[in-house]
Amino acid sequence: YFKRHRKGHWHLIATVPAVILTCVTVSYLCLARIGFNLPYGLSVTIGAVTALALLVLFSLKIKSKNDE
């Protein structure tokens with residue numbers, strides 16, 4: 001909402017926690033026994049890469065909508 005309606009950098013209020021929680025959630029799903037039961041280091045790496053990839057996709061999508 002904030003980014004789409006050009007409210008300055010207020011979109012970071014929602015984006016930063018979303019990236020952090022995405023990283024934590026994906027890491028947990030990779031690490032937990034009920035999930036993929038992967039080693040800790042690998043789980044955190046997968047979580048971080050996933051969160052950053054989704055942040056890039058989100059940024060590109062918002063940028064393309066602003067260009068229209």
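Buried here means under 20% relative accessible area, and by that cut-off 15% of the 68 residues of the protein are buried. Keep in mind through all the views that this is a predicted model.

**View 1. The whole protein has two helices and zero strands.** The accessible surface comes to about 5,400 Å², and 70% of that belongs to carbon and sulfur atoms. As for contacts between residues at least 6 apart in sequence, 39% of them join residues at least 24 apart. The views that follow start with helix 1, cross the loop and end in helix 2.

**View 2. Helix 1 covers residues 12–31 and has the length it should have.** With 20 residues at 1.5 Å a residue, helix 1 should span 28 Å, and its end C-alpha atoms are indeed 28 Å apart, so the two values agree. Which residues of helix 1 are buried? They are T15, V26, S27 and C30. Looking down the helix axis, these buried residues fall within an arc of 100 degrees, so they line one face of helix 1. Turn to the face away from that buried side and you find the exposed residues I20, L21 and Y28.

**View 3. S27 of helix 1 touches S43, V44 and G47.** That list leaves out residues up to four places away in sequence. S27 sits in helix 1 and has a relative accessible area of 11%. Since the cut-off for buried is under 20%, S27 counts as buried.

**View 4. S43 is the helix 2 side of the S27 pairing.** S43 belongs to helix 2, which runs over residues 40–67. Is S43 buried or exposed? Its relative accessibility is just 1%, so S43 counts as buried. Setting aside neighbours within four places in sequence, S43 is in contact with S27, C30, L31 and L38. Two of those names, S27 and C30, also turn up among the buried residues of helix 1.

**View 5. C23 and C30 do not form a disulfide.** A disulfide is a covalent bond between the sulfur atoms of two cysteines. A search of the whole structure finds zero of them. Why is there no bond between C23 and C30? The closest cysteine sulfur to that of C23 is the one in C30, and at 10.0 Å it is too far for a bond. It works the other way round too: for the sulfur of C30, the closest cysteine sulfur is in C23, again 10.0 Å away. The cut-off for a disulfide is sulfur atoms within 2.5 Å. As for their surroundings, C23 is partly exposed, at 21% relative accessibility, whereas C30 is buried, at 6%.

**View 6. N37 has a positive phi in the loop.** Most residues other than glycine have a negative phi. N37 is not a glycine, yet its phi is about 55 degrees. Where does N37 sit? You will find N37 in the loop between helix 1 and helix 2.

**View 7. L42 and C30 are 8.2 Å apart, C-alpha to C-alpha.** In sequence, L42 and C30 are twelve residues apart. L42 is in helix 2. Its relative accessible area is 42%, so L42 counts as partly exposed, while C30, at 6%, is buried.

How values were computed: Residues numbered from 1 in each chain as written. Predicted model: local features only at pLDDT ≥ 70, side-chain atom pairs only at ≥ 80, totals over all residues. Heavy atoms only, no water. Helix = DSSP H or I, 4+ residues; strand = E, 2+ residues; numbered from the N terminus. Buried < 20%, exposed > 50% of the residue type's maximum accessible area, 1.4 Å probe, protein only. Contact = heavy atoms within 4.5 Å. Areas by Shrake-Rupley, 256 points an atom, 1.4 Å probe, with all protein chains shown as cover. Expected span 1.5 Å × (residues − 1). Arc of directions from axis to C-beta.
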